[in-house]
Amino acid sequence: MPQPLSTREANLFRTVIRHYEDKQYKRGLKAAEQILKKNPKHADTMSMKALIMNAQGKTDEAFALAKEALTIDMKSHICWHVYGILYRTNKNFDEAIKAYKFALKLEPDSQQIQRDLAILQIQMRDYQGYVQSRLVMLKARPQLRQNWTALAIAYHLEGNLKQAETILSTFEKSVTTAPSKTDFENSEAVLYKNSIIAEAGDIGRALEHLEADGNNNLDRLAVMELRARYLAQLGRGADAAKAYRALLDRNSEHPDYYKSLIEALGISKDDEDSQKAVYDEYAVKNPRSDAARRLPLDFLTDENFKVAARAYLNLMFDKGVPSTFANLKHLYSDSFKQTTLPALAEEYLNEHKSTGGEKEHANGDSSKGEGAALYFLAQHYNYFMSRDLTKAMAFVEKALELDPKNVDFHMTKARIYKHQGDLEKASVAMDEARSLDTRDRYINSKAAKYQLRNNENDRALQTMGLFTRVETAGGPLADLIDMQCIWYLTEDGEAWQRRGNVGLALKRYHTIFNIFDIWQEDQFDFHSFSLRKGQIRAYIDMVRWEDELREHPFFFRAALDAIKLYIAMHDKPQGPNGVNGTGGSGANGGDVAEKKKAAKKAKKEAQKAEREAAEKAAKQDPNKTTAPKSKDVEDVKKKDDDPTGLKLVATSDPLGDALKFLGPLLQFSPRNIEGQIAGFEVYFRRRKYMLALRCLKAALALDKDDPRVQEQAVRLRKAVDPVLASLAPKLQEVIGLTFASGASS
């Protein structure tokens with residue numbers, strides 16, 4: 001039986017809950033101890049104490065106390081709710097859902113438990129369970145529009161579009177007063193309903209709904225775009241053309257509007273003159289429009305292209321637009337255009353010199369005219385499809401003679417050095433470019449990247465520190481991790497890997513993995529926030545983006561690096577902690593003494609950062625009262641007990657640790673052959689031959705001529721043949737069919 005509390009202690013218990021919600025954990029713990037001093041077996045207070053302890057980082061003690069509370073009072077919905085929260089904060093979502101459901105059996109009317117369960121169900125993509133939870137919440141509070149919208153979202157994500165539309169329509173019919181024109185939530189709900197109708201494939205009805213209910217919608221651009229798209233899909237070319245012209249009048253730089261207008265007008269892709277006439281019309285109407293002049297270069301050919309390209313390049317060079325080459329390099333897939341563009345640039349240079357262009361630059365901007373043409377040609381010859389690094393260097397040197405302090409020219413020179421293979425000169429040149437504009441974050445990041453490519457980790461961190469927060473405890477690296485700067489962490493990890501410091505390399509890759517976990521967990525905040533703010537369409541986009549989160553190239557690159565490093569650790573396990581497994585993998589990887597020295601130096605730097613952080617904390621103004629609220633828990637959560645990655649290196653099962661990265665990589669990027677090759681190497685070494693065979697078959701389907709895949713097929717055949725007779729008959733059949741079909745050839 002639960003112990004009853006006196007009035008004073010009941011009020012104190014509510015104070016415990018309030019302190020927990022305000023993250024005043026020390027006060028909450030003190031209040032809980034006061035209750036337990038008189039009521040040592042009060043299960044609800046024990047549960048709240050466990051929750052506070054968990055927030056302070058004492059996870060094991062918190063679970064032990066929560067279990068003890070449950071044994072005292074198995075029928076307390078608070079105990080079960082807290083137990084579910086503990087599991088949720090420790091990412092055991094299945095057990096958390098079980099605990100929430102048990103709590104709901106004891107307290108079916110609890111909106112808080114029902115809400116927590118629903119949020120966890122959508123986080124786990126349990127759409128059927130989410131539908132049921134939202135249906136219960138709607139029945140409990142049908143007056144709230146949020147509950148109707150949430151149920152519609154649940155049906156939508158489950159794939160039941162008809163029911164989702166019905167729910168939204170039912171609420172609209174129940175509203176007796178017309179919403180105001182400035183009602184943002186209603187405006188979003190109208191467009192969300194429209195998107196459901198269109199997603200169901202009923203474009204005609206979607207257009208009717210848009211024209212009937214979207215006239216006063218606050219998102220005018222979305223309404224105009226949807227209307228134009230629906231008209232085009234319905235084959236109403238004249239109306240669609242009119243709609244796209246209205247969009248172009250609003251934004252003449254949008255390339256899709258031009259293409260859609262041309263399709264709506266029924267102009268053939270082979271009719272260059274008619275297409276060009278459309279662009280010329282808007283070039284005259286909008287003299288400063290770039291898209292109307294640049295986009296025709298995509299489809300024009302021969303002399304028509306040459307005339308248009310000359311006019312465009314002359315205009316860009318006269319203006320000194322730095323992005324000219326970046327805007328045109330996609331045309332290099334056409335050999336005629338690839339040779340024509342540099343010829344026109346050189347023609348411009350010759351004409352410019354013959355007309356006395358030097359005088360113009362003596363009194364003006366030397367990045368325009370001749371300087372812009374030289375910059376274009378330097379980029380042209382530095383580009384991989386038209387590379388001639390000698391010519392590229394000659395052109396960039398000429399450009400620098402005109403303007404020695406031009407940042408773009410210096411950056412191009414650094415890129416040329418990089419492509420020549422001289423990473424040291426590239427790093428110096430990029431840092432020189434940085435020094436010309438110390439307020440530009442982009443060039444600062446670029447300089448740090450080139451320093452990392454040259455294995456200058458410490459110098460790169462100092463460079464990045466110029467734009468990080470000085471007050472951050474732990475220095476620039478801690479701030480970069482807080483800001484989730486993945487490109488830096490990846491480059492830093494690869495640099496440490498080349499230098500042979502396995503510990504710090506693994507540390508960076510695991511940090512990136514954790515950042516992607518954080519992005520996935522960040523959904524928790526938006527499941528309720530988006531409904532509260534009425535941001536429904538953005539929420540649906542976010543959910544679908546999160547489903548493909550680990551397809552991102554950033555994740556793939558870091559995961560592949562980590563897997564290769566773990567494979568190297570398995571193949572060469574000897575060596576001291578922190579530097580084993582990658583001997584000879586980089587310029588500094590062969591010298592064990594240097595590796596030890598690097599690991600020791602990194603450890604000292606981490607200790608120094610901790611000391612500095614402690615000193616900063618000690619020097620903080622004692623009169624500040626806002627920070628201490630959550631300071632204790634933040635210190636516990638952020639403290640790193642393995643700053644140099646030595647614990648990661650000390651693993652006894654490198655291949656088992658590699659599976660943490662390999663699983664998402666194979667699941668979300670199955671069409672990348674590098675992932676399949678890495679998967680084979682891990683499974684082959686673990687003697688999981690069927691899984692290795694699966695990766696091999698996937699790699700063969702992607703590129704059967706890749707020599708690495710052929711080599712893996714031979715290795716697998718040699719490994720399987722001696723044990724083939726001992727395998728299950730079904731496995732023997734699968735393996736035999738695979739190799740008989742040509743996998744071993």
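## Helices and the two repeats

Helices here are DSSP runs of H or I with at least four residues, and strands are runs of E with at least two, both numbered from the N terminus. In this predicted model, residues 373–406 are 71% helix and 0% strand, and the C-alpha atoms at the two ends of that stretch are 14 Å apart. For residues 77–110 the figures are 79% helix and 0% strand, with the end C-alpha atoms 9 Å apart. Both stretches come from an unreviewed UniProt entry, which lists them under "repeat: TPR".

The chain as a whole has 41 helices and zero strands.

## Burial, contacts and surface

The chain has 745 residues, and 47% of them are buried. If contacts are limited to residues at least 6 apart in sequence, 60% of these contacts join residues at least 24 apart.

The exposed area of the chain is about 37,800 Å². Carbon and sulfur atoms account for 51% of that area.

## The cavity

One cavity of 30 Å³ or more turns up in a search of the whole structure. The volume of the largest cavity is about 30 Å³. Its lining consists of Arg145, Trp148, Thr149, Leu168, Phe171 and Glu172. Two elements, α9 (145–158) and α10 (161–174), each give two or more residues to this lining. Sorted by class, the lining residues of the largest cavity are three nonpolar, one polar and two charged.

## The second largest pocket

The second largest pocket holds about 430 Å³ of space. There are 19 residues in its lining, and those nearest the pocket centre are Pro179, Ser180, Asn186, Val190 and Asp213. Elements that supply two or more residues to the lining of this pocket are α10, α11 (184–199) and α12 (203–213). Helix α10 also gives two or more residues to the lining of the largest cavity.

With four residues, α11 contributes the most to the lining of the second largest pocket. The lining of this pocket is made up of five nonpolar, eight polar and six charged residues.

## Valine 682

Valine 682 sits in helix α38, which spans residues 673–685. A residue counts as buried when its relative accessible area is under 20%. Valine 682 has a relative accessible area of 0%, so this residue is buried.

Beyond its neighbours within four places in sequence, valine 682 makes contact with Ile563, Ile567, Leu655, Ala658, Leu659 and Leu662. Histidine 570 is 112 residues away from valine 682 in sequence, but the C-alpha atoms of the two residues are 9.7 Å apart in space.

## Two residues with positive phi

Most residues other than glycine have a negative phi. Lysine 23 is not a glycine, yet its phi is positive, at about 60°. Lysine 23 is found in the loop between α1 (7–21) and α2 (25–38). The relative accessible area of lysine 23 is 44%. Partly exposed residues are those between the buried limit of 20% and the exposed limit of 50%, and lysine 23 is therefore partly exposed.

Arginine 687 is another residue other than glycine with a positive phi, here near 60°. Its place is the loop between α38 and α39 (689–702); helix α38 is also the helix that holds valine 682. Exposed means over 50% relative accessible area. Arginine 687 reaches 63% relative accessibility, so this residue counts as exposed.

Technical notes: Residues are numbered from 1 along each chain as its sequence is written. This is a predicted model: local features need pLDDT of at least 70, side-chain atom pairs count only at pLDDT 80 or more; totals for chains, interfaces and linings use all residues. Side-chain values use heavy atoms; hydrogens and water are left out. UniProt positions are given in the numbering used here, feature names are shortened, and annotations may be inferred rather than shown by experiment. Buried means under 20% relative accessible area, exposed over 50%, partly exposed in between (1.4 Å probe, protein chains only). Contact means heavy atoms within 4.5 Å. Accessible areas come from the Shrake-Rupley method with a 1.4 Å probe; for residues, only the protein chains shown count as cover. On a 1 Å grid over the protein atoms alone, a cavity is a set of points where a 1.4 Å probe fits but cannot get out, and a pocket is an open set with protein on both sides within 12 Å along at least five of seven lines; lining residues have an atom within 4 Å of a point. Grid points are joined across faces, edges and corners, and a volume is the space filled by probe spheres set on the points. Ala, Val, Leu, Ile, Met, Phe, Trp, Tyr, Cys and Pro count as nonpolar, Asp, Glu, Lys and Arg as charged, and the others, Gly among them, as polar.
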